[in-house]
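Here's a quick walk through one predicted chain, written for someone who likes to know the cut-offs. Have a look at the model first, then read on.

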Amino acid sequence: KGQSTPLSQTISYKVIEMADIWKILTTILFKICPTPLDVGTDIWNGVDFIVNDSPIWGAMCLGLTLVPGIVKGVTLFVKGVTLWGEKRTWWNFLGCVIFCLFGWILLPLWTVIGFCLTLCQPAPKPGDPITQVEVDSHDCKFLEVNTESMGQVVLNVSILMISGLQEKKFLFPGDLQLLSLSISFIMIIKSAGEQHFFRRTPYYPPSFGESFLVSIVLCPDIIFRVLALPLVCIYLRWLSIAPIVAILCLNYYGAGKRAGKCGLTFREDRLSTAAMSVISPSVFINGYSNEVLRVVEIPTIQKDYYSWNRKTFAGVLFPSLILVAILVNTTFVDEFGPLCQILSLPGCSPLTITVDQFNYILLPLVILSGLFTLVHQFLSNTAFLARPMRYEEQIVKDNNGDYITQNAQNKLCQALLCAAGDIMGTAE
């Protein structure tokens, strides 16, 4: 009593308090809320379509919410393990069925619970990895983004081009549609940067600033594919299967061959990489085993595969867009043009977008964004892009024998040091 608190002790209390507040805010805003919000708006949008006499669109929106659970359940069944690590039993089959039916609620719940548990954990020391629970939560989030969010964005853009905006729900026509589309698109953009570093060392995630810069770099790729794929699908209809299959096959080939001796050596990794890099370039390493990291240098693979992936999409989608442009501009006043009749394609049927809007707005925007993605290839070795992507970073071992990135440091500790620096500067 009657004694003043030392300045150093006051500063340490403030640092801890600021770090805790920062941890809580970032966890809630950027980890806990996005996944259930994305799934919730997708379900709401699908139900709204059904209520407003669009059962096909509604069924497709609701069906996409089941895809992450189906992928998770089938993966566990094929691997012959349950969530508790047991060998194949009838529990394995039961778990597969449960995930297929209720994965739309289980995976978001799993993600939320995992990130909530991290709030109860003490702040890690500098250089310490995150917990396995948080790693699993990140995995569930990325699975939802690369399946449901990707499909919802392509589907909703297609609906806007075909049927236009739905009736006003809150403020303006199509507000619920645009809300669902925007949240899914933001999830894809946000996760693109996080996955870039997460696939290198999942236990040492990047800071928000690092992943944000990578998301900006990959944004043109995402915009190009989000616009080009719906255009190809709605005009070519069933023939759009051909370019999509070509893209997946070329991605699978490129994942194993583009980096030569450093290519992905496991078939499971190549399949995941080919399937999950449709909207955004990404490299997937399954299991994060030390064996995989010993034989490959992930930054080098990412650099080579991203280049291959961009060239693949440009080489397949640009000719497809040329065919779409021919279909659109060879129409008569009637519903179909001669080329549409020959191919039995309703590609020239009336849509919400007009021919002038296609020729002078959509097509130039798609081509411009596609060309911009190819510029990345020529700038990938420059400091402008090499610095945020950190292609030259190496995978090394820490004192415990675990594989980490060369300058890995826990993001919470970075926030703690920044807060300490701010307070020390203010005190001085």
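A bend at a residue is the angle between two fitted axes, one through the seven residues ending there and one through the seven starting there. Helices are DSSP runs of H or I with at least four residues, strands are E runs of at least two, and both are numbered from the N terminus. With that in hand, helix 6 bends by about 35 degrees at Val-145.

Some ground rules. This is a predicted model, where local features need pLDDT of at least 70, side-chain atom pairs count only at pLDDT 80 or more, and totals for chains, interfaces and linings use all residues. Residues are numbered from 1 along each chain as its sequence is written, and side-chain values use heavy atoms, with hydrogens and water left out.

**The chain overall**

The chain has 16 helices and two strands. Of its 428 residues, 47% are buried, where buried means under 20% relative accessible area, exposed means over 50%, and partly exposed is in between (1.4 Å probe, protein chains only). Contact means heavy atoms within 4.5 Å; among contacts with a separation of 6 or more, 71% join residues 24 or more positions apart. About 21,500 Å² is exposed by the chain, 68% of it from carbon and sulfur atoms (Shrake-Rupley method, 1.4 Å probe; for residues, only the protein chains shown count as cover).

**Helix 6**

Back to the bent one. The expected span is 1.5 Å times one less than the number of residues, so the 31 residues of helix 6 (residues 132–162) should cover 45 Å, and the end C-alpha atoms, 44 Å apart, agree with that. Most of helix 6 is covered, with 25 of its 31 residues buried. After helix 6 comes Gly-164, with a positive phi near 80 degrees.

**Two residues to compare**

| Residue | Helix | Relative accessible area |
|---|---|---|
| Leu-25 | helix 1 | 45%, partly exposed |
| Ser-184 | helix 7 (residues 175–198) | 1%, buried |

What does Ser-184 touch, leaving out residues up to four places away in sequence? Its partners are Asp-38, Asp-42, Ser-149, Gln-152 and Val-153.

Leu-25 belongs to a nonpolar surface patch with about 970 Å² of accessible area together, whose members include Ile-21, Phe-30, Leu-119 and Phe-212. Patch residues have over 30% relative accessible area and no salt bridge; like charges are joined within 9 Å, and nonpolar side chains (Val, Leu, Ile, Met, Phe, Trp, Tyr) within 5 Å. A salt bridge puts a side-chain nitrogen of Lys or Arg within 4 Å of a carboxyl oxygen of Asp or Glu. Helix 1 (7–32) and helix 8 (208–236) each supply at least two residues of the patch, and helix 1 gives the most, with six.
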